[in-house]
Amino acid sequence: MQIIDHGGARIAALHDKKTGSWQYVVSDPVSRKCAIIDPVWDFDEKAAATSTRNADAILDYVKTEGLTVEWLLDTHPHADHFSAAPYLNEKLEAPTAIGEKVVGVQRLWKDIYGLDDDFPADGRQWDRLFQAGDAFAVGGLPGRVIFSPGHTLASITYVIGGNAFVHDTLMMPYAGTSRADFPGGDSKALYRSIQDILALPEETGVFVGHDYGPDGRKPACFSTVREQKADNIHVGGGRGEADFVRLRDGRDATLPLPNLMLYALQVNIRGGVLPPAAPDGRVYFKIPANHFALPQENS
C-alpha cells in the first residue's frame, strides 16, 4: 500500500499484482470521511473461484484509520477484474455509483452474452448513476464527474479535491494510454477524453487504474497533469489526434484480450454480482465462442 497526500486529500493506493489494478481509498483528513474507488474482487480463473483478499485489505485500512465510507465508486465496468463494490456495500452500507452510460455497456454485452430478456439493462444495479458534470463530496472535499469515453462507452473520471482518478484512460507517462478496442471503445473518443483531463490545472494529481511494472519498475500510480502533458509517450508533447489514433489502433490490433475479460464483464454489468444460480443451485459463467478475433502478430 502507498499513502500519498496531495490536493487536499490522503490517498491510500492498493495494487493488485495479478491484474495490475490500482484501488484507492480517498479520504478527507479533516472529517475522516472517504470514498473507495475501483475495488477488486479476486477471481481465480482456473478454479472459477472468488475471494476477498483485496477488499478485506481495504476494510482493514478503513477500520484502522477510523474512516467513514461515503461512496463506493467504479469508473467503468472493468474487463480485467471483478468489482468488489457489492461486497463492500454489504459490509459498509455505503452507496455504489458509476456513470450513467453504463446502460449502453449493459445493452452491448447483453447481446454478446445472449442474456435473457429478464436481465435489466437500465443501471438499477447501482445506487447512483452519475451524469457528466455531476457534483458530489467526500467529507469537505469537493468532487465532480467528467465523462471520459474511449476505453469504454461508460468510462468516467472522478475529480476529488486536487486529484483526478482517470481509470483506464491514461497510464503512467512511461506506459502511455489504455487500449480502445473493446466493444464500444473508440480511439478518437479516447484522445478527446484525454485532452479534457490534460486541461485540468497542471498540479492536479493523476491516479491511474493500472500499472504492470514494465521493465522491472516498481508499479506506480501517481503523476501530475504537468508530467503527463510533457512526458506521456502516447499523448505528451502535443501529439495530434490523427497520429495518436494511428499509434493506438496499430498497437491495439496486436493485443490479446485480458485474461479475465469474458468472465469479468458478465459480472460487472451486474454491478459486481455473479450470474444468477441455475436450477441446480450452481452459478455458471457464459462464454461466447469465436466472437472475438485473435490478435495480429507483431511484425
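How many disulfides does a search of the whole structure find? In this predicted model, the search returns zero. A disulfide is a covalent bond between the sulfur atoms of two cysteines. The sulfur of C34 has its closest cysteine counterpart in C221, at 17 Å, which is too far for a bond. Seen from the other residue, C221 likewise takes part in no disulfide, the nearest cysteine sulfur being that of C34. Both residues are shielded from solvent: C34 is buried, with a relative accessible area of 0%, and C221 is buried at 1% relative accessibility.

The UniProt record, an unreviewed entry, places the feature "domain: Metallo-beta-lactamase" at residues 20-210. In the model, this span is 24% helix and 30% strand, and its end C-alpha atoms lie 5 Å apart.

An open sheet is formed by three strands in the order β6-β5-β8, with antiparallel pairing. Its edge strands, β6 (49-51) and β8 (82-83), each pair on one side only. Strands of a sheet pair through backbone hydrogen bonds, either parallel or antiparallel. Between β5 (residues 40-44) and β6, the antiparallel pairing extends over three bridges; D44 has A49 of β6 as its bridge partner.

Helix α3 comprises 12 residues (residues 102-113), for which a rise of 1.5 Å a residue predicts a span of 16 Å; the end C-alpha atoms are 16 Å apart, in agreement with this expectation. Buried positions in α3 are V102, V103, V105, Q106, W109, K110, I112 and Y113. The buried residues of the helix pack against two strands, β9 (96-99) and β10 (128-130), and against helix α7 (261-268). Following α3 is G114, whose phi is positive, near 60°.

Attention now turns to charged pairs. Side chains of opposite charge can pair when their charged atoms come close. The count of salt bridges comes to 17. In one of these, R53 is joined to D16, with the closest N and O atoms 3.1 Å apart. R53 belongs to helix α1 (residues 53-65) and D16 to strand β2 (residues 9-16), so this salt bridge ties together parts that are 37 residues apart in sequence. The two partners differ in accessibility: R53 is exposed, with a relative accessible area of 52%, whereas D16 is buried at 2%.

A further salt bridge is formed by the side chains of E202 and R226, with an N to O distance of 3.1 Å. This pair links distant parts of the chain, 24 residues apart: E202 is in the loop between α4 (187-198) and β15 (205-207), and R226 is in helix α5 (residues 225-231). E202 is partly exposed, with a relative accessible area of 32%, and R226 is also partly exposed, at 40%.

Within helix α6 (residues 241-252), D243 and R246 are three residues apart, about one turn of the helix. Their side chains meet in a salt bridge with an N to O distance of 3.8 Å. D243 is partly exposed, with a relative accessible area of 33%, while R246 is exposed at 58% relative accessibility. Elsewhere, salt bridges that share partners join E202, E203, R226 and K229 into one network.

How values were computed. Residues are numbered from 1 along each chain as its sequence is written. This is a predicted model: local features need pLDDT of at least 70, side-chain atom pairs count only at pLDDT 80 or more; totals for chains, interfaces and linings use all residues. Side-chain values use heavy atoms; hydrogens and water are left out. A disulfide is a pair of cysteine sulfur atoms within 2.5 Å. Buried means under 20% relative accessible area, exposed over 50%, partly exposed in between (1.4 Å probe, protein chains only). Two strands pair if DSSP finds at least two bridges between them. Helices (H or I, at least four residues) and strands (E, at least two) are DSSP runs, numbered from the N terminus. UniProt positions are given in the numbering used here, feature names are shortened, and annotations may be inferred rather than shown by experiment. The expected span of a helix is 1.5 Å times one less than its number of residues. Contact means heavy atoms within 4.5 Å. A salt bridge is a side-chain nitrogen of Lys or Arg within 4 Å of a carboxyl oxygen of Asp or Glu.
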